[in-house]
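Biologist: I would like to learn how to read a protein model step by step. Could we look at one together, taking each feature in turn?

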Amino acid sequence: MDAKDILGLPKTPLPLAQEKKSQPKKDSQRKPDGISREVYALTGGLAPLMPSIDVSQLKRRPPSDEKITWQWLPFTSSARKDNLQLYHWVRVVNGVPPTGDYSFAKYNKSVDVVKYTEEEYEKYLTDPMWTKEETDQLFDLCERFDLRFVVIADRFTSSRSVEELKDRYYNVSRAMLIARAPSPGDVSGHPLVKEPYNSSQETERKRALSMVLSQTKHQERKDTQVLAEAKRIAESRMTALGTEESALPVASNFDPDIAEVAVNLDDTASPSSNAQLASASVAPSTSAMADNASTLASLRMLRVYMRTYGLEQMVQAASSSAGLRTIKRVEQTLQDLGVSLKPKVPTKAVCSEHLELRKEILTLLNLQKQLQYKEAEGSSFRDGSYTDMPGSPKWSQRDQDRTFIPDSMSFGGERVGRRDQKRKGPGRVSENPSSPAHKRPRKLKASDL
Amino acid sequence: MRHWFVSFITFFVLLLYGLAQILNKKLKDVEISIPIVYGNIAFWLGKKANEYQSHKWTVYVRGATNEDLGVVIKRAVFQLHSSFNNPTRVIEAPPFELSESGWGEFEIAITLYFHNDVCDKPLNLYHHLKLYPEDESGFVSIKKPVVVESYDEIVFPEPSEGFLARIQSHPSVNLPRLPAGFTLPPPVPVEDSSKRRRGDTKDHPLAQWFMNFSEADELLQLAAARQQVSGLLWMNKKTLVAIFVKYHLLCGLFNIGFDACSTLAWSASSYSKTPTTDKLDRWAESTVEISLRPVNALLLMQSFEIST
């Protein structure tokens, strides 16, 4: 009876341990020359992909047998047409100046603008919108400015738009190409022939682009909102299609709720806490409904499932809007009430009751939290503006009412506030004689009726 | 504009629903559930126990009322620990159970395959085999086994008509009330049941150890809990509304607290309605409108016996 067999250990030790030993040895041995170890380590221990700087080149000096001088010499460039002679510094080696053209002359590229003769113009290129002079001028400008149409449009004597100029230029070039070609097939591959310029399309495109670029922030926000709403409507439509039975109540619920949310969104005034809270209370109910409907749909898709699994899914859907802490509190409450978290006998009735109970507990917890907030607000508010009111002993009676709620609530702030008021009461009356007078007319009204 | 859109969607949905009713062979309103119990019973072998076989155990899936599951389940596959010979055990006929002897506790994966007209997808259950009793110090006897059972229900949300017809009066199945005007074809006469091996577990040798599961206790417990929670909800709502009224009288008509007040009323009314809180909810809703007249608020408060 092998001890290893009982424990279930493999018989041979892992070969991995041996591999690991050889690796670190290799790393420490490799150390490149030329740069220090730390600098090499900065690159992650790997050589760079491209040869960055050839180290041997850095310290190279020019061979000592050559004699280098620098001279101020004239030069000409083939790119210039006017034979202007300019001067520049030249590196002369052993008294021999360098030969060859000016080294930057090769960058003087230009566009091959089509040249047409008079006859060709008469034959192919006449256009009702364009005179010959204008066309000639256009082509001259094209040549001068290398087809920079914005500049050409600016220089053009009669005001034509960039699209018109482009249109004329491309049409002429295309016509010339086709006319001069030995056969149509030769030039059919040329891009000018294949895709003629479409000026209306260009105008449209530029207009749309400028519209998009010039959208104000307000406009952008509105667009995103509308898109989000459309998405929501589409989603609700999907869930409605998926659960055709529950579609009716769900859709009717969505109606006021979507309108509600839309109203809140369209309000361009600064969002008050009022709107936020209202939408917050509406939104969870709609999302809960949607979740419910979608889980029902997904369960139906399964064709067969265990009821405990179904209950789990529904519970998850119902508490999807709540955070982890809230869920824990719900479970704690369930335990306090003596209900097991997973029913022992999950029949249909038991499961639905369980789900309803969970939802109600969630509602209760949310309500209690709201109550806490409002109490806190109330205590701070009352400290500021409370003067003398009849029936102050009755306030404390209300406190006793509240002890029915099992959750411990922050009574501390509330009570302190009240004690302060009792102290402040007489003092206040003496300080502000006007405010009780202000209050009195209102009280008279109340008691009148 | 939006209302038009949503009503259009509703109409479209209704149309689809109608079409689906006509076109679909599956029934959407009828859900079939099969209550089952699965678990294990383990006997300590006592003197006959050796190192490798200290317990004799049986793992099984049975109907909750011990009815024959063979009408629904075609076969059950029990996947045992890899240390067993042929760890994949297939049981082709009811009762779906498997007996073995061993010493270890492990998780058994049970896969249920259904008949062709029932469902073509198998269903997986997991049961942790329990051999040793909870309290270690307790006296372990050969006669009294360790029993662990779990109740669950197999749910078929959209059964086919054939399946429905076949099992419409079988005791192992929970069938809800069929929708009005729905008629099933008469059931196909089953072969003589005495010829086939009995599939139900009513007279099973281990039947004396089977646990009883009643939903009544659970329902009672849940109902009591719900009562308590709704009571708490009512108290909270009352307090919330009372705070609202308090604000109202304090800060007067149109200044600061007004927004908070209407929010409170709104949120109080948006929570779930129970019959007892209807009055309160209606009042909370109406106060949003009458908030311009604080006088009425005072009157209403008195009528609802909320002390100021």
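Biologist: Let me begin with charged side chains: with which residue does A:Glu164 form a salt bridge, and how far apart are the closest N and O atoms?

Modeller: Before anything else, please keep in mind that this is a predicted model. The general idea is that side chains of opposite charge can pair when their charged atoms come close. Here A:Glu164 pairs with A:Arg160 in a salt bridge, and the closest N and O atoms are 3.4 Å apart, which fits the cut-off of 4 Å.

Biologist: Are the two partners, A:Arg160 and A:Glu164, buried or exposed, or something in between?

Modeller: The partners fall into separate classes, because buried means under 20% relative accessible area and partly exposed covers the range from there up to 50%. A:Arg160 has a relative accessible area of 15% and is therefore buried, whereas A:Glu164, at 34%, counts as partly exposed.

Biologist: How many salt bridges does the structure hold over all chains, and which residues are linked in a network of them?

Modeller: Over all chains there are 25 salt bridges. A network of them links A:Arg307, A:Lys348, B:Glu31 and B:Glu153. Within this group, the side chains of B:Glu31 and A:Lys348 meet with N and O at 2.8 Å. That pair joins two chains, because B:Glu31 lies in the loop between helix H1 (2–23) and strand S1 (32–44) of chain B, while A:Lys348 belongs to helix H17 of chain A. B:Glu31 is buried, with a relative accessible area of 18%, and A:Lys348 is partly exposed at 48%.

Biologist: Helix H17 has now come up, so to speak, by way of its lysine; what should I make of A:Arg358, and which side chain of opposite charge is nearest to it?

Modeller: A:Arg358 is also found in helix H17, which covers residues 348–385 of chain A. A:Arg358 is buried yet has no salt bridge, and the nearest side chain of opposite charge, that of A:Glu331, is 4.3 Å away. That distance does not count as a salt bridge, because the cut-off is 4 Å. The side chain of A:Arg358 does reach the backbone oxygen of A:Leu341, at 3.5 Å. Leaving aside residues up to four places away in sequence, A:Arg358 touches A:Val315, A:Val330, A:Glu331, A:Leu334 and A:Leu341.

Biologist: How do I judge the length of a helix, for instance what does H12 of chain A reach from its first C-alpha to its last?

Modeller: One compares the span with the value expected at 1.5 Å a residue. Helix H12, residues 217–242 of chain A, has 26 residues and reaches 37 Å, close to the expected 38 Å. Its buried residues are A:Glu229, A:Ile233, A:Ser236, A:Thr239 and A:Ala240. A:Leu241, also placed in helix H12, is partly exposed, with a relative accessible area of 24%. The C-alpha atoms of A:Leu241 and A:Ala297 are 9.3 Å apart, although 56 residues separate the two along the chain.

Biologist: Turning to the backbone, which residues other than glycine have a positive phi, for example A:Asn83 and A:Asp146, and where do they lie?

Modeller: For A:Asn83 phi is near 55°, and this residue lies in the loop between strand S1 (68–75) and strand S2 (86–93) of chain A. A:Asn83 is exposed, with a relative accessible area of 68%. For A:Asp146 phi is likewise near 55°, and the residue sits in the loop between helix H6 (132–145) and helix H7 (149–155) of chain A. The side chain of A:Asp146 also meets that of A:Arg148 in a salt bridge, at 3.7 Å from N to O. A further backbone feature is the cis peptide bond that joins B:Pro94 and B:Pro95, with omega about -5°; B:Pro95 is in the loop between strand S4 (88–91) and strand S5 (96–102) of chain B.

Biologist: To finish with whole chains, how many helices and strands do chain A and chain B have?

Modeller: Chain A has 20 helices and 3 strands, and buried residues make up 28% of its 449 residues. Chain B has 6 helices and 8 strands, with 45% of its 308 residues buried.

Conventions:
Residues are numbered from 1 along each chain as its sequence is written. Chains are lettered from A and ligands numbered from 1 in the order in which they are written. This is a predicted model: local features need pLDDT of at least 70, side-chain atom pairs count only at pLDDT 80 or more; totals for chains, interfaces and linings use all residues. Side-chain values use heavy atoms; hydrogens and water are left out. Helices (H or I, at least four residues) and strands (E, at least two) are DSSP runs, numbered from the N terminus. Buried means under 20% relative accessible area, exposed over 50%, partly exposed in between (1.4 Å probe, protein chains only). Lys and Arg count as positive and Asp and Glu as negative; His and the chain ends are not counted. A polar contact is a pair of N or O atoms within 3.5 Å; within protein, one must be able to donate a hydrogen and the other to accept it, and residues adjacent in sequence count only if both atoms are side-chain atoms. Contact means heavy atoms within 4.5 Å. The expected span of a helix is 1.5 Å times one less than its number of residues.
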